[in-house]
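Trainee: I'm new to this one. Can you walk me through it?
Mentor: Sure. Let's pull it up.

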Amino acid sequence: MSCKYLVTGGAGYVGSVVARHLLEAGHTVTVLDNLSTGFRAGVPAGAEFIEGDIRTVFDEERGSKWLDPSYDAVLHFAAFSQVGESVVKPEKYWDNNVGGTMALLAAMRAAGVRKLVFSSTAATYGEPVNTPITETDPTAPTSPYGASKLAVDHMIGGEAAAHGLAAVSLRYFNVAGAYGSHGERHDPESHLIPLVLQVAQGKRDAISVFGDDYPTPDGTCVRDYIHVADLAEAHLLALDAAVPGEHLICNLGNGNGFSVREVIETVRKVTGHPVPEVAAPRRGGDPAVLVASARTAIDRLGWRPSRADLAGIVADAWAFAQTGRTTQ
């Protein structure tokens, strides 16, 4: 059955890939994005585009600005996501990530749209107590970014309990790779794989390895990488799994990890280019290992990642990087 969806932040990396998956499944998609970090060229062909800000989606007198009862659900990706920036500009993250979601929830109530899939993050956990991390582990974010996402998770839980919202929060671990013409083009870039690929392209002299004395097999941090297309498929499954009055939280990851040095070596093999590396001090708040348990997503959504091979993830990201779209 074809449905109609609003995708907030659908001009960004993950949002654009999810919007494309929805279109390919035969649904009608409207993308709402203020283009502060997204790209107009990232909006997939076939989607209606509205340039607007979620903080203005609801008005006390006029109600919902862009939503109406014809929409079946909202998929919410509109957020600032730079951890370092959030430390020096926390007010920006509270205003947009929390205030914007509060306005969105009000607009959904006014329009009678009662289903939401939210783009959450592993940053809600902070320093992990257990490995792999489960949804019942303590949440203690170490940055305003992670705290803002956790606050939204709490907000959504209250909305589900009080107003019958059917909601799923998906807590991503390290998203990577590309899906056709949709890939990472953050500015500034902070994710490891595209940064290492920039070295392979000659856009950077070397990649910095922040800490080589962690209690891991090669001394560098270990992270759980998930292909962006696998991530997108989880969102479509979450729409079907959402239950009125329930807020379901699911981790999304492969359940295994790769070290910084393993990523660098994989980029060397995939690209055939040298990737010089330089040692740098540890960064504060960087856990040694961050790996997800995706058991809840497997059991409740029926989701299983099918692109867990690191070389395949890097190869897709490399193909996208070579198109030059990362600079558009």
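Mentor: One term before we start: two strands pair if DSSP finds at least two bridges between them. And keep in mind that this is a predicted model.
Trainee: Okay. How many bridges do strand 1 and strand 6 have, and in which sense do they pair?
Mentor: Strand 1 (residues 4–8) and strand 6 (residues 73–76) pair over 4 bridges, in the parallel sense.
Trainee: Which residue does L6 stand opposite in strand 6?
Mentor: V74.
Trainee: What's the strand order in the open sheet?
Mentor: The order is 3-2-1-6-7-8-13, so 7 strands, with parallel pairing.
Trainee: Which are the edge strands?
Mentor: Strand 3 (48–51) and strand 13 (247–252). Each pairs on one side only.
Trainee: By how many degrees are neighbouring strands turned against each other?
Mentor: On average 20 degrees, direction ignored.
Trainee: What does helix 4 touch on the sheet?
Mentor: Helix 4 (residues 144–163) touches strand 7 (115–121), strand 8 (166–172) and strand 13. Its direction makes about 155 degrees with that of strand 7.
Trainee: And which strands does helix 6 lie across?
Mentor: Helix 6 (residues 228–241) lies across strands 1, 6, 7, 8 and 13. It runs at about 165 degrees to strand 8.
Trainee: New topic. At what angle do helix 7 and helix 9 pack?
Mentor: About 60 degrees, with their axes 9 Å apart. That makes helix 7 oblique to helix 9.
Trainee: Is the crossing left-handed or right-handed?
Mentor: Helix 7 passes helix 9 in a right-handed crossing.
Trainee: Which residues meet there?
Mentor: From helix 7, they include V263 and V267; from helix 9, V314 and W318 are among them. The contact's residues divide into 8 nonpolar, 2 polar and 1 charged.

Note on methods:
Residues numbered from 1 in each chain as written. Predicted model: local features only at pLDDT ≥ 70, side-chain atom pairs only at ≥ 80, totals over all residues. Heavy atoms only, no water. Axes fitted to C-alpha atoms, helices over the stretch in contact; angles between N-to-C directions. Helix = DSSP H or I, 4+ residues; strand = E, 2+ residues; numbered from the N terminus. Parallel < 35°, antiparallel > 145°, perpendicular 65-115°, else oblique. Left-handed = near helix turned anticlockwise from the far one by under 90°. Contact = heavy atoms within 4.5 Å. Nonpolar A, V, L, I, M, F, W, Y, C, P; charged D, E, K, R; others polar.
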